[in-house]
Amino acid sequence: MTRYGPMYGPEITFLGVPACDWQEPETYADADVVILGAPFDGGTSHRPGARFGPQVIRGTDYLPHDGSRPHLAMRVDALGGDLTVKDAGDLEVFSGDIQRSCDTIEDAVAHVTAHGAIPLILGGDHTITWPDVTGVARHHGAGRISVIHFDAHADTGDIEFGSLYGHGQPMRRLIESGAVRGDRFLQLGLRGYWPGPETLDWMADQGMNSFHMSEIVHRGLDAVLDHAFRIALDDCDGVFLSVDIDVCDPAHAPGTGTPEPGGLTARQLLDSVSRICHELPVVGMDIVEVAPPFDHADITAMLGNRVVLEALSGMARRRKDAGGPPWNKTTPLLAGRGSQPPLSARETPPSLSARDRQRSLPPAES
């Protein structure tokens, strides 16, 4: 039986961007980014529900579904002209057949990449990163892209529940296949009580770079990102960004299958994604494990939507910077708008001295 329309939910695109068909390259010949939905959660080990992730990521917003989102700080509109973004809808995948579903995803991602667009895949559970990255590597070459992976879990298990495939094993499969080098695989936000010593030893033997939350807290997130960027750009042509929403503390992302307390804040994740897509040559991305059945007040769905927007805005800003003065993230919001004088790209806004700050504070109550 042929299925018409999306697998789950209404026929909508990401915030109203134009639709396309991944099998017909002429429908996205002008696109910089093509969004693909991969509503697969047949690899989950605990709570299913991420199959409903793509649709909520596309539509959870309080603003019009109009294909435009001007970024207040970066001064770009990634959906409305500074990038060309199209949405190919959901791939037809079947959670009862991991191999068939992964083959479908890999072929679609490879096809989009080969025709010049950056694939941005909405999951789905983390199983899909195996075909996502493999599909991109089919075009760029095995070992030629690095991976920056945000997650509470390493996802480097070997055999789970008698299977080689699942959401706890995609990173191992990628490295074993040669699609990605172990020493160009960077993980941020790990915590909790899995995997065990044997798997950690395997990761060390591959040269993986895995940053536990305790190290991030001690060194600072920006310092860890600086470290990761140096490795990611060494002898690689591009970066694949994989965001598991459970990298955030469950207070910030309760709607996920395997929540783990003690993670990043929503603010830290958004800043990191923005910085990666602004500063690095991102050639593919996925966001996974948004599971609406466990969400509260659309907290996780909204965060997933904003992760995609921050990524696209960072890409748009990177492009704009290549043709003009670089963006200065310290530029005040209203500088250069209306009658406000502009700041040069390299000018730093005046800051208050310690004495001025003290003077500006309200008097302490007696």
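## Helix H8

Let's start with helix H8, which covers residues 266-279. Its 14 residues stretch 20 Å from the first C-alpha to the last, close to the 20 Å expected at 1.5 Å a residue. Keep in mind that this is a predicted model.

How much of H8 is covered? Mostly covered is the short reply, with ten of the 14 residues buried. The buried set begins with Ala 266, Leu 269 and Leu 270. It then takes in Ser 272, Val 273, Ser 274, Arg 275, Ile 276, Cys 277 and His 278. So polar and charged side chains such as Arg 275 sit in the list along with Leu, Val and Ile. As a general rule, residues three or four places apart on an α-helix point the same way, because there are 3.6 residues a turn.

## What H8 packs against

Which elements do the buried residues of H8 pack against? Two of them are helices, H7 (221-232) and H9 (299-322). The others are strands: E4 (145-150), E7 (238-244) and E8. Strand E8, residues 282-288, turns up again in the next section.

## Strand E3 and its partners

Strand E3 runs over residues 118-123 and is mostly covered, with five of its six residues buried. One of its partners is strand E1 (residues 33-38), and the two pair in the parallel sense over six bridges. As an example, Ala 38 has Gly 123 of E3 as its bridge partner.

E3 is also joined to E8, again in parallel, this time by three bridges. Here Ile 121 finds its bridge partner in Asp 286 of E8. That puts E8 in two places in the picture: it is bridged to E3, and the buried residues of H8 pack against it.

## Rings and charges

How many aromatic pairs does a search of the whole structure find? The count is zero. Rings do meet charges, though. Arg 47 lies over the face of Phe 294, 4.1 Å from the ring centre. Over at Trp 202, the charged end of Arg 172 sits over the ring, at 4.2 Å from its centre.

## The chain as a whole

Stepping back, the chain has ten helices and eight strands. It counts 366 residues, and 54% of them are buried. Among contacts with a separation of 6 or more, 76% come from residues 24 or more positions apart.

As for the outside, the chain exposes about 16100 Å². Carbon and sulfur atoms supply 53% of that area.

Notes: Residues numbered from 1 in each chain as written. Predicted model: local features only at pLDDT ≥ 70, side-chain atom pairs only at ≥ 80, totals over all residues. Heavy atoms only, no water. Phe/Tyr/Trp six-rings, centres within 6.5 Å; stacked < 30°, edge-to-face > 60°. Lys NZ or Arg CZ within 6 Å of the ring centre and 35° of its normal. Helix = DSSP H or I, 4+ residues; strand = E, 2+ residues; numbered from the N terminus. Buried < 20%, exposed > 50% of the residue type's maximum accessible area, 1.4 Å probe, protein only. Contact = heavy atoms within 4.5 Å. Areas by Shrake-Rupley, 256 points an atom, 1.4 Å probe, with all protein chains shown as cover. Pairing = 2+ DSSP bridges. Expected span 1.5 Å × (residues − 1).
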